Amino acid sequence: MRRFLLPLLAALLGSAGIASAATDCRGTLTGRWATKGDVVMGPMTVKVDNLDAYNADGSFRAVRRFVNQSGKWEEQVTSGQWTTKPGPGAGECVLEMSSKSEFGNSSSSTTVTIVDRSTFRSFGVDAKRVR
């Protein structure tokens, strides 16, 4: 029985590591992405309509549109540098962004799930590749 279980466990554990390592995070995430939907942020749900561009040179531009507490659309534009690396699970990538402005420096790190070459999921909402 042990002879049967050990190779099976090794195959299962090994394949998860290979799938995670095989995820081409930079190649997959480079491009333009649109995210539309409702994002749960703590006790609130926020309607978003975002457009992100992750460029091959490591720069990014993010246009964040959302419905504010007054019920009106608000827009914030951010730009800076981005990088990515394989995440902890199969098909996951850690997306890191940093920006500098007159208001100070900011950085963020988010684990996203690659659904396919044209879709990734973050905060429960799908981002779709756009041309």
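The paragraphs below lead through the strands, the nonpolar cores, one buried threonine and the salt bridges of this structure.

This is a predicted model, in which local features need pLDDT of at least 70 and side-chain atom pairs count only at pLDDT 80 or more, while totals for chains, interfaces and linings use all residues. Residues are numbered from 1 along each chain as its sequence is written, and side-chain values use heavy atoms, with hydrogens and water left out.

The strands (DSSP runs of E, at least two residues, numbered from the N terminus, as are helices, which are runs of H or I of at least four residues) form a closed barrel of eight, in the order 1-2-3-4-5-6-7-8 with antiparallel pairing, where two strands pair if DSSP finds at least two bridges between them. Within this barrel, strand 3 (residues 59-67) and strand 4 (residues 73-86) run antiparallel and are joined by nine bridges, and Phe-60 stands opposite Gly-80 in strand 4.

The largest nonpolar core, a set of buried Ala, Val, Leu, Ile, Met, Phe, Trp, Tyr and Cys residues joined through side-chain atoms within 4.5 Å, has 14 residues, and those with the most contacts inside it are Leu-29, Tyr-54, Trp-82 and Phe-120. Helix 2 (25-29), strand 3, strand 5 (92-101) and strand 6 (104-116) each supply at least two of its residues, and strand 5 gives the most, with three. Apart from this core lies another, of five residues, among them Val-39, Val-46, Val-48 and Phe-66.

Helix 2 also holds Thr-28, which is buried, with a relative accessible area of 5% (buried means under 20%, exposed over 50% and partly exposed in between, with a 1.4 Å probe and protein chains only). A polar atom of the Thr-28 side chain lies 2.7 Å from the backbone oxygen of Asp-24.

Side chains of opposite charge can pair when their charged atoms come close. The structure holds six salt bridges, each a side-chain nitrogen of Lys or Arg within 4 Å of a carboxyl oxygen of Asp or Glu. One of them joins Asp-49 to Arg-65, with the closest N and O atoms 3.0 Å apart; Asp-49 lies in strand 2 (residues 44-54) and Arg-65 in strand 3, so the pair ties together parts that are 16 residues apart in sequence. Arg-65, partly exposed at 26% relative accessibility, also forms a salt bridge with Glu-75, where the closest N and O atoms are 4.0 Å apart, and Asp-49, Arg-65 and Glu-75 are thus linked in a network of salt bridges.

Methods:
Polar contact = N/O pair within 3.5 Å; in protein donor to acceptor, adjacent residues only side chain to side chain.
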